[in-house]
Amino acid sequence: MNILLVASAFNSLSQRLYAELSDHGHQVDVVLAAHGPEPVRAAVHETRPDLVVAPMLRTALPEDVWREHTCLIVHPGPPGDRGPSSLDWAIADGAERWGVTVLQAEAGMDAGPVWAAEPFPVPPVGKSDLYRNEASDAAVTAVLTAVRRYAEGAHKPLPQTDPSVTVVWRDFYRQERRRIDWEHDDTETVLRALRGADSQPGVLDELLGHEVFLHGGHPEDRLRGRPGALLARRAGAVCRATRDGAVWIPELRPRRNSGDPAPFRRPAASVLAAYEPGLRLPEDHVPLELPPGRRTWTDIRYRQRGDVGFLAFSFPGGAMSTDQCRRLLAAYEYALTRPTRVLVLGGTRDFFSNGIHLNVVEAAPDPAQESWTNLNAMDDLVEAVLRTTDRMVVAALGGNAAAGGAMLALAADEVWCRSGVVLNPHYRRMGLYGSEFWTYTLPRRVGPEQAGRLTTEALPVSAASAERLGLVDRLVPAAPAEFPAEVERLAAGLAAAPDLHRRLAAKAAALAADERARPLSCYREEELARMHAIFFDPDAPYHALRSAFVRKTPGGSPRPLAPAGPAPAGPAPAGPTAAGAAPAAGGLR
């Protein structure tokens with residue numbers, strides 16, 4: 001079928017549905033509703049779709065569109081649930097199970113007949129993590145079911161007037177409901193509030209006399225203090241006392257009207273340091289290998305099970321700043337000192353990596369220099385992975401990867417990917433040529449022609465397509481909560497394989513042969529020369545595209561099916577997005 005996706009942004013779910021519907025043989029086009037109703041009408045007129053699907057909308061579809069065409073709305077709630085803040089309410093109410101409903105657009109919001117619905121569990125994670133994982137899995141299943149039913153032509157959607165449907169209206173979840181009472185709220189209450197707003201909109205609060213939004217929250221088991229007091233910092237996050245414990249808050253966002261020149265999400269400690277340069281919060285270090293029973297937060301951890309080492313990392317939004325890249329490289333070097341045969345890289349769930357940290361770059365006094373420093377730190381990490389020959393390195397993608405983060409995965413010997421993951425192996429939509437040794441690793445895996453197509457078309461790739469192309473070596477068809485255990489089982493099998501010594505010898509020989517043909521340093525130098533020219537050219541599109549993306553101003557969500565910004569000159573292909581290629585969505589609407 002010819003399907004038109006209408007979305008307010010080409011976010012993670014929109015990208016995944018684009019990729020998966022395309023995998024099922026449908027012709028899929030995309031139009032962004034954020035540009036108003038006229039582009040939607042024009043896209044409908046031009047593409048003449050058999051079906052319109054709206055994965056994520058903040059505004060209503062034009063009435064003439066839904067009256068003249070069957071339009072399916074993806075709603076992040078069970079049948080009968082209505083309102084714009086469904087996931088927020090599910091987390092706030094402590095729901096153990098929730099659902100996604102695909103319903104037909106009508107005049108009443110979320111009131112149309114139901115074409116399909118799919119339940120999902122609600123683990124204790126942030127809303128954006130839940131959205132990209134359990135909710136996204138359920139949404140894809142429900143949409144594919146609804147599309148199949150529509151194509152078959154015999155299915156009658158269930159009207160919400162049916163006695164089996166309980167209609168519940170849930171109001172917009174406003175900041176008044178999110179507010180934390182640090183004197184009286186216990187840790188679990190605070191965590192629920194923070195998790196329900198981790199990506200958007202954050203929890204409005206006051207720190208050091210400034211109104212800020214708190215983003216993300218994790219429990220702390222040892223530090224204690226006066227409720228509301230700042231206790232420590234770690235890896236850019238700050239620890240704040242609750243009535244009966246403490247929580248770690250990774251990011252803060254100043255209010256837009258605060259006068260702060262960088263009113264967007266940034267590492268919490270850096271925001272507070274700008275407010276009070278003399279602030280001296282103690283650095284609370286924890287070892288890479290946490291002792292058993294500890295319940296605290298850190299963004300990088302190492303553990304070992306027999307002959308397998310697991311280097312886990314999880315950075316908000318998947319973006320990796322200079323500091324995060326350097327700390328991860330130090331952790332990687334530590335992992336190489338451990339007696340293992342296999343080393344697994346990746347978090348237990350959600351983003352693998354989206355490359356350099358555009359928010360930190362945008363907030364820097366000299367964004368060009370910070371871009372350069374961040375990219376070199378990322379390249380150092382990727383090069384260390386590429387040069388590891390004494391053990392097998394596996395990149396385990398429990399969540400999405402984009403731009404330099406996708407290339408970090410390709411530096412490993414094997415890429416294992418959860419079946420719901422979306423890859424964006426390109427840079428071009430941020431006006432960048434790219435680095436991270438992509439000109440070596442990408443053609444090596446998929447061939448020069450396919451590498452050129454991937455990096456110029458700038459389209460999301462499903463896990464299944466990535467496996468067919470050679471970007472991924474193994475699909476792991478597991479639910480998000482089951483992925484870590486399945487990876488551990490597979491890694492143990494790889495470590496015990498009788499031919500592992502032969503594979504390691506072949507790996508070392510292949511790298512040596514590649515180095516003789518063209519040293520890795522040549523790939524790096526050529527890529528960095530192209531990137532240096534972009535970073536330090538004030539008129540390069542990268543600077544405007546980065547600023548628009550970070551500050552969420554017009555131009556921050558480029559049209560997904562057309563190149564955004566000119567490709568860098570030269571014979572090698574340029575790629576389409578950068579560090580936020582799969583932007584975190586605060587909710588399905």
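## A guided tour, starting from a charged network

Select Asp379, Asp380, Glu383, Arg387, Glu515 and Arg524: in this predicted model, a network of salt bridges links these residues. Side chains of opposite charge can pair when their charged atoms come close.

Now zoom in on one pair from that network. Arg387 and Glu515 form a salt bridge whose closest N and O atoms are 2.7 Å apart. Arg387 sits in the loop between helix 11 and strand 22 (392-397), while Glu515 belongs to helix 17 (residues 500-517), so the pair ties together parts that are 128 residues apart in sequence. Arg387 is partly exposed, at 35% relative accessible area, and Glu515 is partly exposed too, at 23%.

Next, colour helix 11 (residues 367-386). This helix gives seven residues, the largest share, to the largest nonpolar core. Which members of that 71-residue core touch the most other members? Select Leu311, Leu397, Leu408, Leu442, Leu471 and Tyr542 to see them. Stay with Leu408 for a moment: beyond its neighbours within four places in sequence, its contacts include Phe313, Met320, Phe352 and Met378. A second, separate core has 39 residues, among them Ile3, Val28, Phe120 and Val122.

Let's move to a sheet. Six strands make an open sheet with mixed pairing, in the order 2-1-3-4-6-7. Strand 2 (27-32) and strand 7 (114-121) stand at the edges with a single partner strand each, so one side of each has no neighbour in the sheet. On average, neighbouring strands here are turned by 20° against each other, direction ignored. Show strand 1 (residues 2-7) beside strand 2: the two run parallel, joined by six bridges. To find your place, look for Asn2, which stands opposite Gln27 in strand 2.

Add the helices. Helix 2 (residues 37-47) packs on the sheet and touches strand 1 and strand 2. Helix 5 (residues 127-152) lies across several strands, including strand 3 (51-56) and strand 4 (71-75), and runs at about 155° to strand 7.

Now select Asp88 in helix 4 (residues 86-92). Is Asp88 buried or exposed? With a relative accessible area of 8%, below the 20% cut-off, Asp88 is buried. Its side chain makes a polar contact of 2.7 Å with that of Arg178.

For a last stop, try helix 3 (residues 63-68), where Glu63 and Arg67 lie four residues apart, about one turn of the helix. These two form a salt bridge, with their closest N and O atoms 2.5 Å apart. Glu63 is partly exposed at 42% relative accessibility, whereas Arg67 is exposed at 56%.

Key:
Residues numbered from 1 in each chain as written. Predicted model: local features only at pLDDT ≥ 70, side-chain atom pairs only at ≥ 80, totals over all residues. Heavy atoms only, no water. Buried < 20%, exposed > 50% of the residue type's maximum accessible area, 1.4 Å probe, protein only. Polar contact = N/O pair within 3.5 Å; in protein donor to acceptor, adjacent residues only side chain to side chain. Pairing = 2+ DSSP bridges. Axes fitted to C-alpha atoms, helices over the stretch in contact; angles between N-to-C directions. Contact = heavy atoms within 4.5 Å. Core = buried A, V, L, I, M, F, W, Y, C linked by side-chain atoms within 4.5 Å. Salt bridge = Lys/Arg side-chain N within 4 Å of Asp/Glu carboxyl O.
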